[in-house]
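Student: I have a structure open and would like to go through it with you. Could we start with the empty spaces inside and then move on to whatever else comes up?

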Amino acid sequence: MDKIIAIANQKGGVGKTTTCVNLGIGLVRKGKRVLLIDADPQGNLAASLGIEEPDDLEVTLVDVLKKVVNDKPIDIKEGILHHAEGVDFLPANIELAGLETTLVNVMSRETVLRLYIEELKGQYDYILIDCMPSLGMMTINALVAADSVLIPVESAYLPAKGLQQLIKTIGRVHRQLNPELEIEGILLTKVDRRTNFAKDISDKLRAAYGSQIHIFENCIPLSVRAAETSAEGKSIYLHDPRGVAAEGYAALTEEVLTHGQA
């Protein structure tokens, strides 16, 4: 089974990269073979997995995608790094921003990432794509390549309100480019359990979208320890194994696995 999940939201700071890393490593801990793909020129995924200077890497997603664009043969292991916690990852850096501009003039520009991922078929159980905080060409590529989209949403009023644009884009990609694409679910992140405000946001989301879109039962609690992991280069399971965020991501992992078998 190859399941490809894009982790997307056009708003930054909602926990996309943290979710990508901790869900990915959570799946590895359940015996799955997992590849994380950084589709964000900021290189946050690489930094979160211990790469101090993503801009100094010799081979990244950009190099692989350039080969696809130019119809050159690909070594499927090229550029893929291995993290000590068992997950493989393909990093990105600032060069990806330039490639996104180039893609505008490429034939079948929306399918470049999918063509690469098809080369990896059978190598992994799950491929998670960490999208950039925009609805540009790389994010469209991720949606075209994916089976489903996981949408992290910060439990605050404005980020939740901004969901409509993303859901419209996913619907358009589903209709025009990838009829297999579905929404894996909406994941509430940075939830402060001490306040009623987060519960109000959760209730509003369920009222607005719950009948059409899966909303994960488990949310990710607000946690300083979770924010620290990006500087530590390791997952929440090692950084703070008994904390609320580790518990939240472990529960999310189980829910994704169950959803995949449904």
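Student: Which element gives the most to the lining of the largest cavity?

Tutor: That is H1, which contributes three residues to the lining of the largest cavity. Please keep in mind throughout that this is a predicted model.

Student: What residues line the largest cavity?

Tutor: The lining is made up of Thr-18, Val-21, Asn-22, Ser-48, Thr-229, Ser-230, Lys-234, Ser-235 and Ile-236. The elements that supply two or more residues to it are helix H1 (16-29) and helix H10 (224-232). Sorted by class, this lining has two nonpolar, six polar and one charged residues.

Student: What volume does the largest cavity have, and how many cavities of 30 Å³ or more are counted?

Tutor: Its volume is about 30 Å³, and the count of cavities of 30 Å³ or more comes to one.

Student: Ok, and the largest pocket, how much space lies in there?

Tutor: The largest pocket holds about 460 Å³ of space. Its lining consists of 26 residues, and those that lie nearest the centre of the pocket are Gly-13, Gly-15, Lys-16, Thr-18 and Lys-190.

Student: Which element has the largest share of that pocket's lining?

Tutor: For the largest pocket it is H10, with five residues. At least two residues of the lining come from each of H1, helix H2 (44-48), strand E5 (126-131) and H10. By class, the lining of the largest pocket has ten nonpolar, twelve polar and four charged residues.

Student: Back to Ser-230 for a second. Where is Ser-230 found, and what does it contact, apart from its neighbours within four places in sequence?

Tutor: Ser-230 is found in helix H10, and, once those sequence neighbours are left aside, it is in contact with Ala-47 and Ser-48. With a relative accessible area of 33%, Ser-230 is partly exposed. If you would like a distance across the model, the C-alpha atoms of Ser-230 and Thr-169 are separated by 29 Å, and the two residues are 61 apart along the chain.

Student: Lys-190 came up at the pocket. What is its phi?

Tutor: Lys-190 has a positive phi of about 55°, although it is not a glycine. As a general point, most residues other than glycine have a negative phi. Lys-190 sits in the loop between strand E7 (182-189) and helix H9 (196-209), and it is partly exposed, with a relative accessible area of 35%.

Student: What about Asp-71, where does it lie, and is it buried or exposed?

Tutor: Asp-71 lies in the loop between H3 and strand E3 (81-82), and at 71% relative accessibility it counts as exposed. Its phi is near 60°, again a positive value in a residue other than glycine.

Student: New topic, cysteines. How many disulfides are there?

Tutor: The count is zero disulfides. Take Cys-131, whose sulfur is 8.7 Å from the closest cysteine sulfur, that of Cys-20, and this is too far for a bond, given that a disulfide needs the two sulfur atoms within 2.5 Å. Cys-219 is likewise in no disulfide, and the nearest cysteine sulfur, which is again in Cys-20, is 20 Å away.

Student: And how accessible are they, what are the values for Cys-131 and Cys-219?

Tutor: Cys-131 is buried, with a relative accessible area of 1%, whereas Cys-219 is partly exposed, with a relative accessible area of 22%.

Student: What touches Cys-131 over in helix H6?

Tutor: One residue to look at there is Thr-139, which is placed in helix H6. Not counting residues up to four places away in sequence, Thr-139 touches Cys-131, Met-132 and Ser-134. Thr-139 is buried, with a relative accessible area of 1%.

Student: Last one, H4. Which of its residues are buried?

Tutor: In helix H4 (residues 95-103) the buried residues are Leu-96, Leu-99, Glu-100 and Leu-103. They cover an arc of only 105° around the axis, which means that they are on the same side of H4. An α-helix has 3.6 residues a turn, so residues three or four places apart point the same way.

Student: What do those buried residues of H4 pack against?

Tutor: They pack against strand E2 (34-39), helix H3 (61-69), helix H5 (112-119) and helix H6 (137-145).

Definitions and conventions: Residues numbered from 1 in each chain as written. Predicted model: local features only at pLDDT ≥ 70, side-chain atom pairs only at ≥ 80, totals over all residues. Heavy atoms only, no water. Buried < 20%, exposed > 50% of the residue type's maximum accessible area, 1.4 Å probe, protein only. Helix = DSSP H or I, 4+ residues; strand = E, 2+ residues; numbered from the N terminus. Arc of directions from axis to C-beta. Contact = heavy atoms within 4.5 Å. 1 Å grid on protein atoms, 1.4 Å probe; cavity = no way out; pocket = protein on both sides within 12 Å on 5 of 7 lines; lining within 4 Å. Points joined across faces, edges and corners; volume = space filled by probe spheres on them. Nonpolar A, V, L, I, M, F, W, Y, C, P; charged D, E, K, R; others polar.
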